[in-house]
Amino acid sequence: MKITSTHNFLTPIILSCLFLVQLSLHGQHNPQTSNSNTLTQNSISGDIESKIEAIIKTLTLEEKVAMCHAQSKFSTKGVERLGIPEIWMADGPHGVRAEISWDAWAYAGWTNDSITAFPALTCLAASFNPELSSQYGFSLGEEARYRKKDVLLGPGVNIYRTPLNGRNFEYMGEDPFLASTMVVPYIKGVQKNGVAACVKHYALNNQEHWRDKINVEISNRALHEIYLPAFKASVQEGGVWSIMGAYNKVKGQYSCHNEMLNNILKKDWNFDGVVISDWSGAHTTEESALYGLDLEMGTGTDGLGTTTDDFYSQYYLANPFLERLKNGDFPESIVDDKVRRILRLMFRTNMSANRPLGNVNTKAHHDVARNVATDGIVLLKNKGNFFPIKDDKNLTIAVIGENATRSMTAGGGSSELKPKFEISPLEGIKARYKNATITHAMGYQTGPSVYARVIPPTLNLDSLRTAAIKTAKNADIVLFVGGLNKSHLQDCEGDDRLQFGLPFGQEDLLKDIYKVNKNIGFILVTGNAVEMPWLDKVNALVETWYLGSMSGHAIADVISGDVNPSGKLPFSFPVKLKDNGAHSFGTSSYPGENMIQYYKEDILVGYRWHDTKKIKPLYAFGYGLSYTSFSMSDIKTDKKTYTQEDSITISCAVNNTGLISGSEVIQVYIGKPKSKVKRAIKELKGFQKVSVDSGKQNNVSINIHVKSLTFYDETISDWNLEKGDYIVYVGNASDNIYKKIKISIK
Ligand code: BGC
């Protein structure tokens, strides 16, 4: 195998190339370069692709291989002699994670790495507001840029399949159209800063339990219709620069080096960016080399040799790869393709001459965090207009529950953050309510959030409970701030929840409180659905997710009525776990048996399952209340019959029939009765959030391309449009349809 010789003389040229991409290059003539086989200035000028090819020609095989794997926990080597920089990465997806040590998972202890914590992606999805997603991505990208990160490890778009998945809070819900629509502006926003987004985890990492071993067996139809669309949109509409593989196996092959990377991502979708392994997601040199992985990260926690001096050189895509390239087991084109992609990412990020400088913790970022938070909070129940609560000096509000004061940016796994500040719900409520008396009791306590371990509480739980009941008894209103938290076996990476109900004795506490005070509003802080046998004990219920830095202010904004809630659920809340599609099939479907699981519910995920099987959810996908009321009128399609080239335009008037202004999300679902294939009753195909002043009307118009009605036809391994009649459902929740319209596709 030929190894390209070192060209030290090229350093200045490459440097210019790297940092003055937009400028023409004027290096000094070097007599040593003057033969036809060596690189000249001209051959590295031109567009980025030509520059990349020119650089590849100058790299030694060793240098190429060194670019394909980590040199530390979160960075990769550059090529010093050519001035090619290192690549630095940081976790997202809700903020830029604090600096991690070079070789260990421990934090590095920097004092200048605190950031803005943005709301969890479930909240962003619940906003149904793509414009806010763009602002979120842009602000986060600015923070990543300021922190000198080239790749932000997020967003996550794994589909919400089971409410037990510990990482659902990092994703965008159960619907592929919603996730696709929301992820694209986020990616574009991040990347405007010259920071690559890294969409994760491709694919089917829909549970944490056994995530590093489980083999997912799934139909190609469900794969393409449910689990891949958000990745596809990230590539084709978002133009994402990197994708992270998943830990699990898909159809017998580890996802980080899987046929799906070459065949679907790179070939069918033309992804030209970098496939990055999840940390320790690579398992063999052969497959890492051949099945689509470009950059191996995080290996070394599986016995590969963290104790040896330079264990990074033992990565699958390090020395073992080099040896096999030298032996001629793999053609050099294999490593060239990886390096080409990595260099392309670098020209887009750390070798781009015109990327902005970024900034961190600005007021603008805090405002975006607060706006996303208030836009995504979902009001689920509001008996007797419990909310909004006026700030009245004669009012005593008892704020009860550990989540009123607990940090929710600590814990959770790799999405853990070190925000400059985090306003707790209690602080936010106290800041907003200046006249009312705010009392507080913890009610229960849990241990600190530590990765992969449950730490027991230290306080006396009986005393906490007694104090809470007393506090509740003496108040006019109880705000119970509970739910889950970011500890192991809750909303946390590394494993799944063990129970669908509320943990930590909250149900019992709530019942005891109810005995002394029936005026209870529940502020549910979770990233997941929970079972609610206690629902009739509370007058009001608001899902506030994990909201980051501005958490308490955003919660106070909504419960005080400063902001009228307009969030809608991005996933269904089943009454009981068995009502969920994945769980209805028992352990072979979730969590799997003998490390294999079958996605038996197939395409019927989330509301598709509830609708089609006629299993009423507790709260449906797309559901969410407002402090005002809306009606829809004049709901129509522009035509009755369409061809496959057409767009369907659905229009309606949204009337605010209440006393205050607010926003409503118009949702358009389409279904195909009498289909020749299995179908969900209906699928979300369009939505629009519209704000309407009290007593006013706003017109909404939603375009849906007929092509989006195709199904994935396994008999031709391609998308297929079935002609005939379809039903368009227009409503404000998947279970609240105002009008059905029959259309036909010719
Ligand atoms: C997670 C990824 C994360 C990576 C680096 C992994 O355990 O699954 O989402 O980006 O660690 O922290």
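**Exercises on strand pairing**

Strand 22 and strand 27 (residues 724-733) pair in the antiparallel sense over five bridges. The model used in these exercises is predicted.

**Exercise 1.** Determine which residues of strands 23 and 27 stand opposite residues of strand 22.

*Solution.* Begin with strand 27, where valine 730 is the bridge partner of valine 668. Next, turn to strand 23 (residues 683-692), which runs antiparallel to strand 22 and is joined to it by nine bridges. In strand 23, phenylalanine 687 lies opposite glutamine 667.

**Exercise 2.** Establish whether the residues of strand 22 are buried or exposed, and what follows for the strand.

*Solution.* A residue counts as buried when its relative accessible area is under 20%. Consider one face: Gly662, Glu664, Ile666, Val668 and Ile670 are all buried. Consider then the other face: Ser663, Val665, Gln667, Tyr669 and Gly671 are likewise buried. Thus 10 of the 10 residues of strand 22 (residues 662-671) are buried, so this strand is largely enclosed by the rest of the structure.

**Exercise 3.** Describe the open sheet with the order 19-21-24 and identify its edge strands.

*Solution.* This open sheet has three strands, with antiparallel pairing. Strand 19 (630-637) and strand 24 (697-705) each have a single partner strand and stand at the edges, so one side of each lacks a neighbour in the sheet. On average, neighbouring strands of this sheet are turned by 20 degrees against each other, direction ignored. As a final step, examine one pair: six bridges link strand 19 to strand 21 (residues 647-656) in the antiparallel sense. Within strand 21, asparagine 655 stands opposite serine 631.

Technical notes. Residues numbered from 1 in each chain as written. Predicted model: local features only at pLDDT ≥ 70, side-chain atom pairs only at ≥ 80, totals over all residues. Heavy atoms only, no water. Buried < 20%, exposed > 50% of the residue type's maximum accessible area, 1.4 Å probe, protein only. Helix = DSSP H or I, 4+ residues; strand = E, 2+ residues; numbered from the N terminus. Pairing = 2+ DSSP bridges. Axes fitted to C-alpha atoms, helices over the stretch in contact; angles between N-to-C directions.
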